[in-house]
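Dear colleague,

Please find below the structure that I am handing over to you. My notes on its aromatic pairs, its strands and its helices follow.

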Amino acid sequence: MRHTRAAYHYAIRATRKNADAITRQRFAEAALGNRQRDFWSDVKHMRACKKGVAATVDGYTDADSIAKLFATKYRNLYYCVSYNRSDLQSVIDDVGQQINVSSSEEHCSFSVDDVKRAIQQLKAHKNYPVSGLCSDHVINGTNDLLVHIMHILNAAMVHGILPENFLQSTIIPMPKGKNANVTDSANYRGIALNSVLSKIFDNIILHRHGDRLSSSELQFGFKAKSSTTMCTMVLKETLSYYVRHQSSVYCSFLDATKTFDRVNYCKLFRLLLNRNVPACIIRVLLNCHVANYVCVAWNGVFSEYFLATNGVKQGGILSPVLFCVYVDDLLVRLSKIGVGCFIGRTFVGALAYADDIVLVTPSASALRKMLAVCDEYALEYCTVYVI
C-alpha cells in the first residue's frame, strides 16, 4: 500500500511538472492522426475559463432559494405530461408476458468484457454527486471491481429491481449559450447527472442493442459521424436541385419546446416493444424512468427530491438515443405520405437534427399536408411545436 501511494504521488508531481510537454504531445498526436475533433477539443479546453455561478436568479440571491426556484420549475415540467396508469400497466403486463415466454437468457446477462468495454467509453474526471463516485474510480479499478459491477447489473436484469443510485438524478442548471442572461431562470437548461453505474449500463445497452435503437436516415442528431453540417448540406442540395429544375420549393422550420422533458413513458416503451428490444432490458429502463427521483444542485446546495413522471434525462448516455426513437415515428409518417421533396427516389422532404425539423415541399398544399401530420403527431405524443 505504501509503495502504491508513493507511486501515485510521484505520477501526480511528474504530470504537473511536464504539463506543457504533455499538452504539446497530445496536440501533435491529434494532428498527425488527423483527429480534428480531439485537436479542437483540447484547444477549447485550454482556452476555456471557468465561470462562477450567477449571484442573482429571478431576484433570489442565496443558493438555497435559487435551488428551490429551479426545483419548482423542473417539478412542474416533469409533471406536465403525466402518463395514464392503465396504459402504463398495459405496457408492464406486455413486458412481463414477453419475459415469461422468452426462453433465451442471452440478452439478460452481461459479461466482464461488456463491463470493461463500457468503462473504457467513460470520460475521465467526471463526478457523480448521487453516488459520491467519479468515473476515475471505475476506470482505474481492478478486475475484481469489474466482476462486482457485472454481478450488480446482472442481478438488476434478472430481478428488475434496481439499486437506489440508479433511481436518483441530480439536475445542474446550465446557461443556454455563452451570452445568455444568467439572471433569468428561463435561460437555463437542466442537465441530469446520474450514477456512474447507470452510465456503464447505458453503454452496454448501446453496444449490444444499438441496431434495435437506430433511427431514420432523416435524423442527423446524436449519431456517430453525423452533424448539423451534414443536415444543412442536404437541405441546401435539395433547394438547389429544385431551383435548377425551375421548381418552387417551400420550407417550414419546426422547433419542439422542451421535447426531452415532455417524453411520454407509455409511448416510449411501447415503441421499444415494437422494435423487439429484449423485454428484460425494457423492464429495467422502465423502472429507471418511472421511479426516477430528481433534485437540483446549485452552488453546492441541494433541493429536496421529487418524482419525475415524464421526460428522459438530459445528459444521460442513452437518453438521446431514446429520444430519437421517440421522434422517429414522425419522420416515418412524413415519408409515407409522399408529398414532400424527392431527389430521384430518395425522400428529403423532412430533415431533423434532434428536435429541430425542417419540412421541404414543392408546393404550399403539400406543406399544409405535412404540417397536418405534424399536428396529429404532436397531439398523440404530447409534443409542442413552434414554427
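In this predicted model, Y265 and F269 are four residues apart in helix α11 (residues 265–274), so about one helical turn separates them. Their rings form a tilted aromatic pair, with 6.4 Å from centre to centre and 55° between the planes. The angle is neither under 30 nor over 60 degrees, and therefore the pair counts as tilted. Both Y265 and F269 are buried.

A second pair is formed by F342 and F347, and this one is edge-to-face: the centres are 5.3 Å apart and the planes stand at 65°. The two residues differ in burial. F342 has a relative accessible area of 26% and is thus partly exposed, whereas F347, with a relative accessible area of 10%, is buried.

These two pairs are among the twelve aromatic pairs that a search of the whole structure finds. In addition, one aromatic cluster is made up of F70, Y74, Y188 and W298. An aromatic ring also takes part in a contact with a charge: the charged end of K267 sits over the ring of Y381, at 5.5 Å from its centre.

Turning to the strands, there is an open sheet of four strands in the order β11-β12-β5-β13, and the pairing is antiparallel. Its edge strands are β11 (350–353) and β13 (385–386), each of which pairs on one side only. Within the sheet, strand β5 (residues 250–256) and strand β12 (residues 356–361) run antiparallel and are joined by six bridges. As an example of the register, S252 has L359 in β12 as its bridge partner. Helix α10 (residues 228–244) lies across β5, β11 and β12, and runs at about 160° to β11.

Finally, I draw your attention to a pair of helices. The axes of helix α6 (residues 112–120) and helix α8 (residues 143–159) come within 9 Å of each other and cross at roughly 105°. This angle falls in the range of 65 to 115 degrees, so α6 and α8 are roughly perpendicular to each other. On the α6 side, the contact is made by V112, V115, K116 and I119; on the α8 side, L146, V147, I149, M150 and L153 contribute.

With kind regards

Methods: Residues are numbered from 1 along each chain as its sequence is written. This is a predicted model: local features need pLDDT of at least 70, side-chain atom pairs count only at pLDDT 80 or more; totals for chains, interfaces and linings use all residues. Side-chain values use heavy atoms; hydrogens and water are left out. Rings of Phe, Tyr and Trp (its six-membered ring) pair if their centres lie within 6.5 Å; planes under 30 degrees apart count as stacked, over 60 as edge-to-face and the rest as tilted. Helices (H or I, at least four residues) and strands (E, at least two) are DSSP runs, numbered from the N terminus. Buried means under 20% relative accessible area, exposed over 50%, partly exposed in between (1.4 Å probe, protein chains only). A charge sits over a ring if NZ of Lys or CZ of Arg is within 6 Å of the ring centre and within 35 degrees of the ring normal. Two strands pair if DSSP finds at least two bridges between them. Contact means heavy atoms within 4.5 Å. Axes are lines fitted to C-alpha atoms, for helices over the stretch in contact, and angles run from 0 to 180 degrees between N-to-C directions. Angles under 35 degrees count as roughly parallel, over 145 as roughly antiparallel, 65 to 115 as roughly perpendicular and the rest as oblique.
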